[in-house]
Amino acid sequence: MRMTTTTMTYTNILVEKQETSPGSGIYIGLVALNRPSALNALNNHLMQELVEAMQAFDKDDTVRAIVLSGSERAFAAGADIKEMADETTVSIMSKDNFATWDRVKAVKKPIVAAVSGFALGGGCELMMMCDMIVASETAQFGQPEVNIGVIPGAGGTQRLTHALGKYKAMEIILTGRPMTANEALQAGLVNKVVPVELYLEEAKNLAIQIASKSPVATQLAKEAILKAFDGSLDDGLRFERKNFYMLFSSEDQKEGMKAFMEKRKAKFVGR
Ligand code: CAA
């Protein structure tokens, strides 16, 4: 029996440490998104808690790798549309809440995403900030922002393009259609797909395997691998976020997000 210990109490996430084998003193850190009423939609408070928990694991020498999961129904259905629907370009740029997301990118320890159900929009983008992805057969991936009059704003245009290549990324982002777990596996977006009852265990096993290696080596390897697309990634991320924020001047963003909240189809006018 592996021991788990609850560490801190948060409102929107569950945080635990799990010993990799009894008495080893080596742990993996577990973070589960926990906003079931909104399919784990990523609001500012949740993202702040997530960053805090990840940074605490980064500082804890007994933790060697981190697993980030959601629920069986949803890893996360996106950034919180209700929270941002009324923003303008000026207000969203001055708050720059998406800067919090960059701090996930700065976590040094390897992160394995355990994904079941919806991984859409910001949910898919948060997943792609992780270093490895284990998916359940029920997982659905996509960037449906065009359906609500915006574009991905937390790395989707950059990281999905790196993962899938230009043509597939264009199709997924410009049509907003979801991909199945098997399509994502074939396209190289996820490491493995397993039955839903196994996805979390498989992700933990991967983290435990990494935890048995030298933490100095795994962290430096992670840093070096990320360097493979770092320079151009940062430029791309800045460019994407500017365009995302600019869209909050458009009627289509207002209509798209309003239509989502009113549970109807959006009527876009192109301005
Ligand atoms: N933001 C806020 N609330 C959300 C949400 C989101 N992204 N996704 C789901 N919810 C809420 C719903 O509004 C609903 O709340 P109420 O019960 O209060 O009405 C609750 O979660 C359950 O959702 P549904 O009733 O819609 O569940 P469903 O099974 O019928 O549909 C779904 C599931 C297809 C995922 C649908 O919820 C959906 O389309 N969600 C939005 C997906 C999306 O557009 N994501 C991108 C967001 S923008 C973004 O992420 C920007 C970025 O790049 C950072």
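A residue counts as buried when its relative accessible area is under 20%. K109, at 3%, is therefore buried. This is a predicted model. It holds a ligand with 27 residues around it. Its largest nonpolar core has 59 residues. The points below start at the ligand, move to the cores, and end with single residues in loops.

**Around the ligand**

- The residues closest to the ligand are G122, E125, E145, G153 and K263.
- G122 makes a polar backbone contact: one of its atoms is 2.8 Å from an oxygen atom of the ligand.
- A79 also uses its backbone, with an N or O atom 2.9 Å from a ligand oxygen.
- K82 uses its side chain instead, placing a polar atom 3.0 Å from an oxygen atom of the ligand.
- On its own, the ligand would expose 980 Å², and the protein buries 73% of that area.
- By class, the shell consists of 16 nonpolar, five polar and six charged residues.
- Three elements each supply at least two shell residues: α2 (81-84), β7 (118-120) and α5 (122-129).
- The top contributor to the shell is α2, with three residues.

**Helix α5**

- Helix α5 is mostly covered, since eight of its eight residues are buried.
- Those buried residues are G122, G123, C124, E125, L126, M127, M128 and M129.
- Two of the residues closest to the ligand, G122 and E125, are thus found in this buried helix.
- L126 and M127 of α5 are also listed among the core residues with the most contacts inside the largest nonpolar core.

**Nonpolar cores**

- In the 59-residue core, the residues with the most contacts inside it are L33, L68, L126, M127, F141 and L189.
- Helix α1 (residues 44-59) gives the largest share of this core, seven residues.
- L189 touches M127, M128, I133, F141, L160, A163, L164, M179 and A184, leaving out residues up to four places away in sequence.
- A second, separate core has 16 residues, including L30, V134, I210 and A211.

**Q143, a buried loop residue**

- Q143 sits in the loop between β9 (140-142) and α6 (156-164).
- Its relative accessibility is 0%, so Q143 counts as buried.
- The side chain of Q143 reaches the backbone oxygen of G121 at 3.5 Å.
- A polar contact of 3.2 Å also links the side chains of Q143 and E145.
- E145 is itself one of the residues closest to the ligand.
- Beyond four places in sequence, Q143 touches several residues, among them C124, E125 and M128, which are buried residues of α5.
- Other contacts of Q143 include P152, G156, L160, I172, I173 and G176.

**K109, a buried lysine**

- K109 lies in the loop between α4 (99-105) and β6 (111-115).
- The side chain of K109 reaches the backbone oxygen of F57 at 2.8 Å.
- Leaving out residues up to four places away in sequence, K109 touches F57, D58, K59, D60, D61, V63, R64, I66, D131, Q219 and K222.
- K109 and E223 are 114 residues apart along the chain, yet their C-alpha atoms are separated by 9.2 Å.

**S250, between two helices**

- S250 is found in the loop between α11 (230-246) and α12 (251-261).
- With 13% relative accessibility, S250 counts as buried.
- A polar atom of the S250 side chain lies 3.1 Å from the backbone nitrogen of Q253.
- Leaving aside neighbours within four places in sequence, S250 is in contact with G149 and R271.

**Positive phi angles**

- Most residues other than glycine have a negative phi.
- N40 is not a glycine, yet its phi is positive, about 60 degrees.
- N40 lies in the loop between β3 (27-33) and α1.
- N40 is buried, with a relative accessible area of 2%.
- D96 is not a glycine either, and has a positive phi of about 45 degrees.
- D96 lies in the loop between α3 (89-95) and α4.
- D96 is partly exposed, because its relative accessible area is 27%.

How values were computed:
Residues numbered from 1 in each chain as written. Predicted model: local features only at pLDDT ≥ 70, side-chain atom pairs only at ≥ 80, totals over all residues. Heavy atoms only, no water. Near = heavy atom within 4 Å. Polar contact = N/O pair within 3.5 Å; in protein donor to acceptor, adjacent residues only side chain to side chain. Areas by Shrake-Rupley, 256 points an atom, 1.4 Å probe, with all protein chains shown as cover. Helix = DSSP H or I, 4+ residues; strand = E, 2+ residues; numbered from the N terminus. Nonpolar A, V, L, I, M, F, W, Y, C, P; charged D, E, K, R; others polar. Buried < 20%, exposed > 50% of the residue type's maximum accessible area, 1.4 Å probe, protein only. Core = buried A, V, L, I, M, F, W, Y, C linked by side-chain atoms within 4.5 Å. Contact = heavy atoms within 4.5 Å.
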